[in-house]
Amino acid sequence: MAQQLIKAPPTKNTLLRLKKQVKFLEEGHDLLERKRELLTRLVYERIGEYRELRSQSAAALADAYHCLSITHLRMGSRGIRQAALGAESALKVDILPRRALGVEYPAVTSERIPLKPVGLLGTDASFDTTRDNLARASVLLARLSEVEIALHRLMEEQRKAQKRVNALKYNIIPLYQRTIRFIQSSLEEEERNTLFQVKLLREKAQA
């Protein structure tokens, strides 16, 4: 099966133009390869952070729900709902865009707000403990959400960069290189034919 070539006239101008283009493609390949390596490094860093935060969040949620179950036993569902209506927010969250290697993801900043005790009739001390534990878990979950979204988008960009690197390395650049070799061979053959004809003309003239 014949190898595919770029459809272009086998001239010196075409050869010079293709050589410039393949040099540009090789530089682009090197840049994409460096970007892919940096993205891969960021992905591995985020994976470690993601695993650690996920473990901490799971432990914090387990503590918070354990405390909530105790509060539920002591106050009941209705009591918890009534007490929650008078409770102020325990967390302040800010979300701003962040960019790394062309990948944009939300940067989540969470800040604990000092809890004010809920001194309602019928409330239990465990209610404030539950609020504190849930707030602590929420801080970790906010951080986990940022890392998870960033990790997902970095991995997606890393896959795209890998596909582009492979396309340049195995398809596009070899196509240009084959075409350049074909044109070079055609021009050399044409030059040999021209020299042979000149030689014949000289021999005829001398004869």
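These exercises, each with a worked solution, deal with a predicted model.

**Exercise 1. Straightness of two helices**

Task: Compare the end-to-end distance of helix H1 with the span of a straight helix, then do the same for helix H2.

Solution.
- Step 1. Take H1, residues 12-85. It has 74 residues.
- Step 2. At 1.5 Å a residue, a straight helix would reach 110 Å.
- Step 3. The end C-alpha atoms of H1 are only 82 Å apart, so the helix falls short of that reach.
- Step 4. Look for a bend. H1 turns by about 100° at Gly76.
- Step 5. Now take H2, residues 125-206. Its 82 residues should span 122 Å at 1.5 Å a residue.
- Step 6. The end C-alpha atoms of H2 are 119 Å apart, so the two values agree.
- Step 7. H2 still has a kink. The kink is about 45° and is centred on Leu168.

**Exercise 2. The hairpin**

Task: Describe how strands S1 and S2 pair, and find the residue with a positive phi in their hairpin.

Solution.
- Step 1. Place the strands. S1 covers residues 91-100 and S2 covers residues 103-112.
- Step 2. The two run antiparallel and are joined by ten bridges.
- Step 3. Check the register near the turn. Arg99 stands opposite Glu104 of S2.
- Step 4. Check another pair. Arg98 has Tyr105 in S2 as its bridge partner.
- Step 5. Inspect the turn. Two residues lie between the strands.
- Step 6. Leu101 is in this loop between S1 and S2. Its phi is positive, about 55°, although Leu101 is not a glycine.
- Step 7. Classify its exposure. Leu101 has a relative accessible area of 35%, so it counts as partly exposed.

**Exercise 3. A glutamate and its surroundings**

Task: Is Glu146 buried or exposed, and which residues does it touch?

Solution.
- Step 1. Locate it. Glu146 sits in helix H2.
- Step 2. Its relative accessible area is 2%, so Glu146 is buried. The cut-off for buried is under 20%.
- Step 3. List the contacts, leaving out residues up to four places away in sequence. Glu146 touches Arg46, Arg98, Tyr105, Pro106, Ala107 and Val108.
- Step 4. Link this to the hairpin. Arg98 and Tyr105 are bridge partners, and both are touched by Glu146.
- Step 5. Look for a polar partner. The side chains of Glu146 and Arg143 make a polar contact at 2.8 Å.
- Step 6. Apply helix geometry. An α-helix has 3.6 residues a turn, so residues three or four places apart point the same way.
- Step 7. Turn to Arg46, which lies in helix H1. Its relative accessible area is 11%, so Arg46 is buried.
- Step 8. Compare the contacts. Arg46 also touches Arg98, Tyr105, Arg143 and Glu146. Further contacts of Arg46 include Val147, Ala150, Leu151 and Leu154.

**Exercise 4. The annotated span**

Task: Which residues does the UniProt annotation "coiled-coil region" cover, and what is the helix content of residues 144-171?

Solution.
- Step 1. Read the record. The unreviewed UniProt entry places the annotation on residues 144-171.
- Step 2. Assign the secondary structure. The span is 100% helix and 0% strand.
- Step 3. Take the end C-alpha atoms. They lie 40 Å apart.

**Exercise 5. Three more sites on H1**

Task: What do Thr14, His29 and Ile80 touch?

Solution.
- Step 1. Start with Thr14 in H1. Its relative accessible area is 5%, so it is buried.
- Step 2. Beyond four places in sequence, Thr14 touches Ala8, Pro9 and Ile183.
- Step 3. Go on to His29, also in H1. At 15% relative accessible area, His29 is buried.
- Step 4. With the same exclusion, His29 touches Val165, Leu168, Lys169 and Ile173. Leu168 is the centre of the H2 kink.
- Step 5. Set sequence against space. His29 and Ala161 are 132 residues apart along the chain, with C-alpha atoms separated by 9.8 Å.
- Step 6. Finish with Ile80 in H1. Its relative accessible area is 16%, so Ile80 is buried.
- Step 7. Its contacts, again beyond four places, are Leu68, Thr71, His72, Met75 and Phe127.
- Step 8. Take one long separation. Ile80 and Leu5 are 75 residues apart along the chain, and their C-alpha atoms are separated by 74 Å.

Definitions and conventions. Residues are numbered from 1 along each chain as its sequence is written. This is a predicted model: local features need pLDDT of at least 70, side-chain atom pairs count only at pLDDT 80 or more; totals for chains, interfaces and linings use all residues. Side-chain values use heavy atoms; hydrogens and water are left out. Helices (H or I, at least four residues) and strands (E, at least two) are DSSP runs, numbered from the N terminus. The bend at a residue is the angle between axes fitted to the seven residues ending there and the seven starting there. Two strands pair if DSSP finds at least two bridges between them. Buried means under 20% relative accessible area, exposed over 50%, partly exposed in between (1.4 Å probe, protein chains only). Contact means heavy atoms within 4.5 Å. A polar contact is a pair of N or O atoms within 3.5 Å; within protein, one must be able to donate a hydrogen and the other to accept it, and residues adjacent in sequence count only if both atoms are side-chain atoms. UniProt positions are given in the numbering used here, feature names are shortened, and annotations may be inferred rather than shown by experiment.
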